[in-house]
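Here's a walk through one protein model, with a look at its rings, its empty spaces and a few odd spots in the backbone. Have the structure open while you read.

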Amino acid sequence: MTQKKTLVILALIFCQLNFGQNSMAKVEPFLKDIVLQFPNVRDVAVSNNEEEVYFTAQSYLGEISAIMTSKLKNGKWNNPEVVSFSGKFQDLEPFLSPDQLRLYFVSNRPLDEKSITPKDHDIWFVERQNLKSNWSIPKNMGLPINTNEDEFYPSATLSNNLYFTRDGKGSKGKDDIFVAKWENNHYATPISMGDAINSNGYEFNAFVAPDESFMVYTCYNKTGGLGSGDLYISHKNEKDEWSIAENLGTAINSAQMDYCPFVNVKTGKLYFTSKRSGVKKIFEKNLNTNAFLEEANQYENGLSRLYQVDFSNFIKPKIKN
């Protein structure tokens, strides 16, 4: 066995011990009755008080993609509705700013409101004056955030820094996590994050804590991973250096795609999207039609679904170096 393989195995063992056994929390469906109304649901953003939620609903192949919202009233989530600014183009990946007064999202809508010809995916935002106000007309983030290539999955912090995914120039490989720092009342040129985060493979869908103390994001087909795409975590120390990202382990990740994380740091909950499946492959007796449909249409059936898990053990102040 090579030294590299040995290190990978030891790293996986560490992940299981550190993230699996210490986090006794159980992954559970989130908004189960609502999610089951749609072919695919992904990209959830939850308000600080957990009484307002935004998510992306899509057709089976993603041709239709709209941002939905639901509010908690009298202990029950109301029927989801397409938000006022969505439903015409491919809209996805909503993100609530720390003050809850701005909602970032991704869209292929044209810059010209009169046009119906879609463009590449850009980061947009809407604003509201208070939590009860209506959302404004969408605004494009513009340069230097958006380019002629695709930008995805915005995550804004208290410092107004913006983290996002880009698959174009400046990346180390395929998709990369970029950061655009807010300096002198404008955004500096976005840069691909360091080797602790990015590689020559796929890194995307980063949630960054409001105080930038930690980041949770997806790595696809990463050496030592558990499946298609896994959630990883990195912490920042007092010198503003990001630690080498670590796999969150089998307590959270599955053998299928796990992606689109969102953390409510006030409640300590991690929300994420997963294509995990619990559908059986072998049965003791022949299935009738009802049994077949019940098995195939269960919540964990390989389609994009929303999940939640207690994440409080992973939320901590910046690491002292």
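A quick bit of vocabulary first: a residue is called buried when its relative accessible area is under 20%, exposed when that area is over 50%, and partly exposed in between. Keep in mind, too, that this is a predicted model.

**Three loop residues**

Take Ser115, which sits in the loop between strand E8 (102-107) and strand E9 (122-127). Is Ser115 buried, partly exposed or exposed? Its relative accessible area is 21%, so Ser115 counts as partly exposed. Setting aside residues up to four places away in sequence, Ser115 touches Phe89 and Pro110.

Ile244 belongs to another loop, the one between strand E19 (229-235) and strand E20 (246-247). With a relative accessible area of 67%, Ile244 is exposed. Even so, Ile244 has partners: leaving out neighbours within four places in sequence, it is in contact with Ala196 and Ile233. Ala196 is 48 residues away from Ile244 along the chain, yet their C-alpha atoms are separated by 4.3 Å.

Asp240 is found in that loop between E19 and E20 as well. Asp240 is partly exposed, at 48% relative accessible area.

**Backbone oddities**

Asp240 also has a positive phi, near 60°, and it is a residue other than glycine. Cys260 is another non-glycine with a positive phi, of about 55°. Where does Cys260 lie? Cys260 is in strand E21, and with a relative accessible area of 0% it is buried.

There's a cis peptide bond to look at too: it joins Leu143 and Pro144, with omega at about 0°. Pro144 is in the loop between strand E10 (139-140) and E11.

**Rings**

The structure holds 18 aromatic pairs. Here are two of them.

| Pair | Centre to centre | Angle between planes | Type |
|---|---|---|---|
| Phe95 and Phe262 | 5.9 Å | 65° | edge-to-face |
| Phe164 and Phe178 | 6.1 Å | 20° | stacked |

What does the pair of Phe95 and Phe262 tie together? Phe95 lies in strand E7 and Phe262 in strand E21 (residues 258-264), so the pair connects parts that are 167 residues apart in sequence. Phe95 is buried, with a relative accessible area of 6%. Phe262 is buried as well, at 6% relative accessibility.

Now for the other pair. The planes of Phe164 and Phe178 are at 20°, and stacking calls for an angle under 30 degrees, so this pair is stacked. Phe164 belongs to strand E12 (residues 162-166) and Phe178 to strand E13 (residues 176-180), so to speak two distant parts of the chain, 14 residues apart. Both Phe164 and Phe178 are buried.

Phe178 has a further neighbour: Arg166 lies over the face of its ring, at 5.1 Å from the ring centre. Arg305 is placed over a ring as well, that of Tyr299, at 5.8 Å from the ring centre.

Phe95 and Phe262 are also part of a wider group, in which ring pairs link Phe95, Phe207, Phe214, Phe262, Phe311 and Phe314 into a cluster.

**Empty space**

How many cavities of 30 Å³ or more does the structure hold? There is 1, and the volume of this largest cavity is about 70 Å³. Some of the clustered rings turn up in its lining, including Phe95, Phe207 and Phe262. Others in the lining are Asp43, Val44, Glu93, Pro94, Tyr153, Pro154 and Pro261. E2, E7, strand E11 (151-156) and E21 each give two or more residues to this lining, and E7 gives the most, with 3. By type, the lining has 8 nonpolar residues, no polar ones and 2 charged ones.

Then there's the second largest pocket, with about 430 Å³ of space. Its lining has 19 residues, and those nearest the centre are Arg42, Leu92, Glu93, Asn205 and Tyr259. Two or more lining residues come from each of strand E2 (40-46), strand E7 (91-96) and strand E17 (202-208). Which types make up this lining? The residues divide into 5 nonpolar, 9 polar and 5 charged.

Technical notes: Residues numbered from 1 in each chain as written. Predicted model: local features only at pLDDT ≥ 70, side-chain atom pairs only at ≥ 80, totals over all residues. Heavy atoms only, no water. 1 Å grid on protein atoms, 1.4 Å probe; cavity = no way out; pocket = protein on both sides within 12 Å on 5 of 7 lines; lining within 4 Å. Points joined across faces, edges and corners; volume = space filled by probe spheres on them. Helix = DSSP H or I, 4+ residues; strand = E, 2+ residues; numbered from the N terminus. Nonpolar A, V, L, I, M, F, W, Y, C, P; charged D, E, K, R; others polar. Phe/Tyr/Trp six-rings, centres within 6.5 Å; stacked < 30°, edge-to-face > 60°. Buried < 20%, exposed > 50% of the residue type's maximum accessible area, 1.4 Å probe, protein only. Lys NZ or Arg CZ within 6 Å of the ring centre and 35° of its normal. Contact = heavy atoms within 4.5 Å.
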